Amino acid sequence: MSGKKEDFVPIIPGQAGMYVCGITAYDVCHLGHARSAVVFDIIKRYLRYRGFKVTHVRNITDIDDKIINRAQKEGVSYDVVAKKYTEEYYRDMEMLGVSRADIEPNATDHIKEMIDTIKGLIDKGYAYPVGGDVYFEVSKFPDYGKLSKKNVDDLMAGARVEVDERKRSPLDFALWKSSKEGEPWWESPWGKGRPGWHIECTAMSSKYLGESFDIHGGGADLIFPHHENEIAQSEALTGKQFVTYWMHNGFITVDKEKMSKSLGNFFTIKEILEKYEPEVVRYFLLTSHYRSPIEFSDVQLTESELSIDRYYSTVTRIKDFLETAGAADKPGAYAELEKILSSFKDKFHHAMNDDFNTASALGFIFELIREVNKYLDSKPSGQKAKDVILKTRELLAEAGGVLNIFNKTPEEWYRSLMKVKKLDLSEEALLRRIADRQEARVQKDWAKADAIRKELEEKGVLLEDKKDGTRWKVKAG
RNA sequence: GGCGGCGUACCCAAGUGGCAAGGGGGAGGUCUGCAAAACCUUUAUCCAGCGGUUCGAAUCCGCUCGCCGCCUCCA
């Protein structure tokens, strides 16, 4: 609300109530929807990791003009459309490692709560019915505009031509809309109709999180009017502060412009997952701070893929080391690595405590990656060396766990890459060629060995000769 | 027009007034049958520009330029 970073002080110590605006289920989701979901998934995971008991509510708007339009176009009932795209949404989110919210309410399951809320607002004089509609009277709520930092006069000056002359002011917004012929409807004290968009969040958040709660999130485009209107409705009704912390994620851009339905410059999650591994997409979304705009491009996705590959290459080295390390007590120069290890958690927490700075947190992860590689290059052995490496693995897993990335085995990562890159090569055929090449290498037939390596590289597989055999990986990037 | 944000190397990107993280790329090197991976060195005397505050500013203030967003449905 202050527009600045603030320390998190929950209403109930140790707990956090978080409401995040989900989607309107009228079409498939694009990357922008994914960003919002991933960002708040991380926020929830981190708060839990730090010991907060988080109640996460994420709504689905399943009744609205766009849904009705789509249903009419397709000649089906509105709930068929809503159900279809809700399912698509959950499928996309699961791919991206977004966990389910604790409560995922649909608007249409809360018509009664909404009607009660609207009745309350009318009783208190903040809303008025006209015909079958009910509007919220903005002029009755003096704080209107406090979140978006707009003032009512400016809004009035900029108001577009108003079609509905029954409204007392162009700024007044609908709490309840009477239904037109052929539209879905619910019975209400004002006749047959359906709820306005903003009221569901007020009714459902108070039902599940109380009249006042800690965090309310969503995309930056929801600040006005959606969240402003929620504040007006909620605080008018209860007289209490609605939300302590408002958090809004920035946009995905394409050629610097906001990715959006209306501009038509969007990429659906499904399209992107045709070309990129889901973890790549999630990682990409974490490489910038959540409030900054992030430019969507193949170059950036490819770099993300390379970064992840670097991570898994190191995991492979760690695994190889732990399996083959000798007993000879030669711990080598571990001081530097130990230094990084001992400060890693603090740095990671510090980054995440600072408004969930995932980009900075990733930086620390790669700093640790470099140090452990350096240490492994020194060819250490013995128990001390193993302990240090085990500690490294544990810390990497912990950080990756919070961000819900880096949690595959390298084998899973390469198989997944193989699939998404549609390699014209089965794992069996690949292993056969590696065996062929090994034979050639034993014969010191370097020409043949190199030819096989080249052949596989052209198919998208890279070979790395190690002391005890050859490793393969799918060429990233 | 009102309100808000952004501008850091070849690209992406973090940066809480005190020697400019991290990733990708480039150049050189170590290792290797040759590679790859990994590591090392190097690639911003400087953070859009100009002023100001300060012992000290990418970080605070002012102005200028450029880009973007919200003000209408929108993650």
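In this predicted model, helices α12 and α13 are roughly antiparallel to each other. The reason lies in the angle between them: α12, which covers residues 358–377, and α13, which covers residues 383–403, pack at about 160°, and an angle over 145 degrees counts as roughly antiparallel. Two packed helices are described by the angle between their axes and the distance between the axes. For α12 and α13 that distance is 11 Å, and their crossing is left-handed.

The residues that form this contact can be followed on both sides. From α12 come Thr358, Leu362, Ile365, Leu368, Ile369, Val372, Tyr375 and Leu376, and they meet Ala385, Val388, Ile389, Thr392, Leu395, Leu396, Ala399 and Leu403 of α13. Sorted by class, the contact of α12 with α13 comprises 14 nonpolar residues, 2 polar residues and no charged residues.

One residue of α12 in this contact, Leu368, is also touched by Ile340. Ile340 lies in helix α11, which spans residues 335–353. Besides Leu368, Ile340 touches Lys347, Glu367 and Glu371, when residues up to four places away in sequence are not counted. Ile340 and Glu371 are 31 residues apart along the chain, and 7.7 Å separates their C-alpha atoms. Ile340 counts as buried because its relative accessibility is 13%, and the limit for a buried residue is under 20%.

After α13, the reader may turn to the loop between α13 and α14 (410–420), where Phe406 is found. Phe406 has a positive phi of about 60°, although Phe406 is not a glycine. With a relative accessible area of 7%, Phe406 is buried. A second residue that is not a glycine but has a positive phi is Lys149, with a value of about 55°. Lys149 belongs to the loop between β4 (133–136) and α5 (152–157). Here the surroundings are of another kind: Lys149 counts as exposed because its relative accessibility is 56%, and exposed means over 50%.

Another pair of helices is α6 and α7. Helix α6, residues 199–209, is mostly covered, with 8 of its 11 residues buried. These buried residues are Ile199, Glu200, Cys201, Thr202, Ala203, Met204, Ser205 and Leu209. Gly210 follows α6 and has a positive phi near 100°. Helix α7 runs from residue 223 to residue 238 and includes Pro225. The peptide bond that joins Phe224 and Pro225 is cis, with omega about 0°.

The axes of α6 and α7 are 8 Å apart and the helices pack at an angle of about 55°; the two helices are therefore oblique to each other. The crossing in which α6 passes α7 is right-handed. On the side of α6, the contact is made by Ile199, Cys201 and Thr202, which meet His226, Glu230, Gln233 and Ser234 in α7. These residues divide into 2 nonpolar, 4 polar and 1 charged.

The strands complete this account. Strand β7, residues 213–219, pairs with β8 in the parallel sense over 6 bridges, and Ile215 stands opposite Tyr245 in β8. Strand β8 covers residues 243–249, and 6 of its 7 residues are buried, so β8 is largely enclosed by the rest of the structure.

Further along the chain, an open sheet is formed by 3 strands in the order β10-β9-β11, with mixed pairing. Its edge strands are β10 (257–258) and β11 (294–295), each of which pairs on one side only. Strand β9, residues 252–254, runs parallel to β11, and 2 bridges join them. In this pairing, Ile252 stands opposite Ile294 in β11.

Finally, strands β12 (residues 461–466) and β13 (residues 469–474) run antiparallel and are joined by 6 bridges. With 2 residues between them, β12 and β13 form a hairpin. Within this hairpin, Leu463 stands opposite Trp472 in β13.

Note on methods:
Residues are numbered from 1 along each chain as its sequence is written. Chains are lettered from A and ligands numbered from 1 in the order in which they are written. This is a predicted model: local features need pLDDT of at least 70, side-chain atom pairs count only at pLDDT 80 or more; totals for chains, interfaces and linings use all residues. Side-chain values use heavy atoms; hydrogens and water are left out. Axes are lines fitted to C-alpha atoms, for helices over the stretch in contact, and angles run from 0 to 180 degrees between N-to-C directions. Helices (H or I, at least four residues) and strands (E, at least two) are DSSP runs, numbered from the N terminus. Angles under 35 degrees count as roughly parallel, over 145 as roughly antiparallel, 65 to 115 as roughly perpendicular and the rest as oblique. A crossing is left-handed if the near helix is turned anticlockwise from the far one by less than a right angle, and right-handed if clockwise. Contact means heavy atoms within 4.5 Å. Ala, Val, Leu, Ile, Met, Phe, Trp, Tyr, Cys and Pro count as nonpolar, Asp, Glu, Lys and Arg as charged, and the others, Gly among them, as polar. Two strands pair if DSSP finds at least two bridges between them. Buried means under 20% relative accessible area, exposed over 50%, partly exposed in between (1.4 Å probe, protein chains only).
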